[in-house]
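Let's take a walk through this structure together. Have a look at the sequence and the model first, and then we'll go through some of its details.

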Amino acid sequence: MEREDLNPSGITVSHFKNLSFSGHQTFPFRYTWLKKGVDAVKEEPSVFSSEEAIVTLGIGKNMVASIRHWCLICGLIKREGDGTNHRGRFVPTALGNTIFAEEQGLDAYLENPASLWAIHWRIATNVAQATTWFWAFNIFRENHFTRAAFKRELETWIAQQRKSMQSISSATLERDVNCFIRTYCQTASDKASFVEETFTCPLVELNLITELPVVSTYQFQRRIKETLPQGVVTWAIDDFWVRRFPKQKTLRFSELMYAPGSPGRVFKLDEDAMTVYLETLEHFTDGALQYDETAGLKQVYRRSPVFSMELLRRYYE
């Protein structure tokens with residue numbers, strides 16, 4: 001199985017010089033956008049550089065740019081070829097086709113929470129293109145936060161990366177933080193204005209962040225995720241393993257729980273929830289991955305290669 005679009009999850013973020021705090025045009029993605037983007041590039045690879053994109057996608061110019069941004073960040077489309085000789089041309093990725101393909105797509109209308117968890121995984125492990133999202137789930141350690149404190153902590157972290165980053169304006173960061181919160185949380189102001197369902201980001205359904213009664217105060221939900229299936233967790237474990245520890249045949253429980261870009265961090269799991277997923281790995285992967293606790297040492301062993309996209313497909317089917 002071809003492995004593609006491996007974002008640098010879990011690598012020390014200071015290794016990356018091209019971090020990003022813009023591109024979404026202040027819009028979280030909406031229910032129909034990702035399918036529109038995947039379908040459009042499958043039909044015409046250069047659609048996003050075409051003046052006809054507004055007509056083709058049926059939305060405004062800024063939203064066209066936002067759809068392109070989110071499809072790239074979610075790992076649903078990629079640049080055609082090596083990205084240099086095919087400038088402005090895109091094709092669907094394996095994940096994009098698996099979820100959204102017209103005939104073989106397994107969840108074209110995002111009706112299965114597994115698709116949303118897979119998309120969340122791609123976003124929150126994409127340090128180079130969705131830096132605030134990566135930072136929030138992998139670096140930021142507070143469970144309760146205000147919008148102002150969140151932005152302040154992010155600014156502090158950015159200052160620590162200053163040698164490898166261009167300066168970011170306060171206004172740009174404010175827009176990025178606002179977009180991040182609206183990706184996962186339908187705020188009181190949204191509800192008061194009676195936002196249509198199609199205008200709400202689908203990732204709100206994951207209940208990863210909730211708004212508290214105090215104005216502009218939020219909480220990450222670290223607990224068992226009832227809608228997070230074994231297939232997505234297994235896919236994420238293998239993806240993380242290949243990116244971060246490609247030469248290792250074993251992976252410690254602590255790495256899966258607490259390393260930047262790990263399933264424990266990205267899915268906001270507690271240790272009990274992670275253990276439940278790990279205990280079924282051997283059965284789910286037909287023995288390819290095995291979890292073991294011996295003499296207090298908790299590890300996952302790789303016994304044979306895992307074709308994680310096939311495991312993801314198996315869950316849907």
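Asp176 is a charged residue that is buried but has no salt bridge. Buried here means under 20% relative accessible area, exposed means over 50%, and partly exposed lies in between, using a 1.4 Å probe and protein chains only. A salt bridge asks for a side-chain nitrogen of Lys or Arg within 4 Å of a carboxyl oxygen of Asp or Glu. As for charge, Lys and Arg count as positive and Asp and Glu as negative, while His and the chain ends are not counted. For Asp176, the nearest side chain of opposite charge is Arg175, and that is 8.1 Å away.

A word on the ground rules: this is a predicted model, where local features need pLDDT of at least 70 and side-chain atom pairs count only at pLDDT 80 or more, while totals for chains, interfaces and linings use all residues. Residues are numbered from 1 along each chain as its sequence is written, and side-chain values use heavy atoms, with hydrogens and water left out.

So what does Asp176 touch, not counting residues up to four places away in sequence? Phe21, Ser22, His24, Thr132 and Trp133, where contact means heavy atoms within 4.5 Å. Asp176 itself sits in helix 8, residues 170-184. Helices (H or I, at least four residues) and strands (E, at least two) are DSSP runs, numbered from the N terminus.

Cysteines next. A disulfide is a pair of cysteine sulfur atoms within 2.5 Å, and by that rule the count here is zero. Cys179 is in no disulfide, with the nearest cysteine sulfur, that of Cys201, 8.1 Å away. Cys201 is likewise in no disulfide, its nearest cysteine sulfur being that of Cys179. Cys179 counts as buried because its relative accessibility is 1%. Cys201 is buried too, with a relative accessible area of 2%.

Helix 1 (residues 33-43) has a set of buried residues: Trp33, Leu34, Lys35, Gly37, Val38, Ala40 and Val41. Their cover includes helix 2 (53-57), helix 3 (61-73) and helix 5 (113-124), along with strand 1 (77-79) and strand 2 (90-92). Helix 4 (94-100) is also part of that cover.

Now for the sheets. Two strands pair if DSSP finds at least two bridges between them. One open sheet has three strands in the order 3-5-4, with antiparallel pairing. Its edge strands are strand 3 (144-146) and strand 4 (209-211), each pairing on one side only. Neighbouring strands in this sheet are turned by 30 degrees against each other on average, direction ignored. Such angles come from axes, which are lines fitted to C-alpha atoms (for helices over the stretch in contact), and run from 0 to 180 degrees between N-to-C directions.

Strand 3 is joined to strand 5 (residues 217-220) by three bridges, and strand 4 is joined to strand 5 by three bridges as well.

Another open sheet of three strands has the order 6-8-7, again with antiparallel pairing. Here the edges are strand 6 (250-252) and strand 7, which each pair on one side only. The average turn between neighbouring strands of this sheet is 25 degrees, direction ignored. Helix 10 (residues 230-244) packs on the sheet and touches strand 6, strand 7 and strand 8, its direction making about 85 degrees with that of strand 8. Strand 7 and strand 8 (residues 297-302) pair over six bridges in the antiparallel sense.

Here are some facing pairs from the two sheets:

| Residue | Partner | Strand of the partner |
|---|---|---|
| His144 | Gln219 | strand 5 |
| Thr146 | Thr217 | strand 5 |
| Glu211 | Tyr218 | strand 5 |
| Tyr291 | Val300 | strand 8 |

Last stop: backbone angles. Which phi does Ser216 take in the hairpin of strand 4 and strand 5? A positive one, near 55 degrees, in a hairpin with five residues between the strands. Ser216 is partly exposed, with a relative accessible area of 27%. Asp286 also has a positive phi, about 55 degrees, although it is not a glycine. Asp286 lies in the loop between helix 14 (281-284) and strand 7 (289-294). Is Asp286 buried or exposed? Asp286 counts as exposed, because its relative accessibility is 62%.
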